[in-house]
Amino acid sequence: MKCVLHIGTEKTGSTSVQAFLHSNRKLLRSRGIAFLRSTGLKNDLKLALACRRDDRINRQVRELGIADPSAKKLWRNELLANMRAEIEQLPEHVHTVIFSAEHFHSRL
């Protein structure tokens with residue numbers, strides 16, 4: 001399986017790319033491409049936040065109900081388990097998973 005990671009810098013049209021991926025999930029899936037839901041509905045902000053150090057608790061992390069590094073670690077492990085489960089349930093013809101978040105650029 002391939003992974004496409006769209007990093008996209010902020011203010012360069014990333015939201016338009018993400019809107020297309022979100023709106024065309026079914027069509028993309030029929031063509032072997034998955035845009036996961038477990039990492040975020042319209043963009044993969046959760047995945048970008050999970051990649052940050054556990055001691056980096058910013059506003060976006062707090063909005064997820066995470067207040068300290070140990071809670072962040074538990075949340076990340078749950079997110080990864082959900083991602084793994086979603087990927088394992090993909091139809092056999094799916095060959096590519098796309099992730100998209102401008103936060104990979106600005107927050108990491």
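The following dialogue sets the assignments in a predicted model against the definitions behind them.

Biologist: What rules apply to the model and its numbering?

Modeller: This is a predicted model, in which local features need pLDDT of at least 70 and side-chain atom pairs count only at pLDDT 80 or more, while totals for chains, interfaces and linings use all residues. Residues are numbered from 1 along each chain as its sequence is written, and side-chain values use heavy atoms, with hydrogens and water left out.

Biologist: How do you know how many disulfides there are?

Modeller: A disulfide is a pair of cysteine sulfur atoms within 2.5 Å, and by this rule the count is 0. For Cys 3, the nearest cysteine sulfur is that of Cys 51, 10 Å away, so Cys 3 is in no disulfide by the 2.5 Å rule. Cys 51 is likewise in no disulfide, its nearest cysteine sulfur being that of Cys 3 at 10 Å.

Biologist: Why is Cys 3 called exposed?

Modeller: Exposed means over 50% relative accessible area, buried means under 20%, and partly exposed lies in between (1.4 Å probe, protein chains only). Cys 3 has 52% relative accessibility and therefore counts as exposed.

Biologist: Why is Cys 51 called partly exposed?

Modeller: Its relative accessibility is 48%, so Cys 51 falls in the partly exposed class.

Biologist: What makes Asn 58 buried or exposed?

Modeller: The relative accessible area of Asn 58 is 17%, and therefore Asn 58 is buried. Asn 58 is in the loop between helix 3 (45-51) and helix 4 (59-63); helices (H or I, at least four residues) and strands (E, at least two) are DSSP runs, numbered from the N terminus. Leaving aside residues up to four places away in sequence, Asn 58 touches Leu 49, Arg 52 and Arg 107, where contact means heavy atoms within 4.5 Å.

Biologist: How does the span of helix 5 compare with what is expected?

Modeller: The expected span is 1.5 Å times one less than the number of residues. Helix 5 (residues 69-88) has 20 residues and reaches 28 Å from its first C-alpha to its last, close to the 28 Å expected.

Biologist: Why are the buried residues of helix 5 placed on the same side?

Modeller: The buried residues are Lys 72, Trp 75, Arg 76, Leu 79, Met 83 and Glu 86. They cover an arc of only 100° around the axis, which puts them on the same side of helix 5; the arc is that of the directions from the helix axis to the C-beta atoms. These buried residues pack against helix 3, helix 4 and strand 3 (96-100). The face turned away from the buried side carries the exposed residues Leu 74, Glu 78, Arg 84 and Glu 88.

Biologist: What makes strand 1 (2-6) and strand 2 (33-35) edge strands?

Modeller: Two strands pair if DSSP finds at least two bridges between them. Strand 1 and strand 3 pair in the parallel sense over 5 bridges, and strand 2 and strand 3 do so over 3 bridges. The 3 strands form an open sheet in the order 1-3-2, and strand 1 and strand 2 are the edge strands, each pairing on one side only. Among the opposed residues, Lys 2 stands opposite Thr 96, His 6 opposite Ser 100, and Phe 35 has Ile 98 as its bridge partner.

Biologist: Why is strand 3 called largely enclosed?

Modeller: In strand 3, 5 of the 5 residues are buried, so the strand is largely enclosed by the rest of the structure. Thr 96, Ile 98 and Ser 100 point one way, whereas Val 97 and Phe 99 point the other way.
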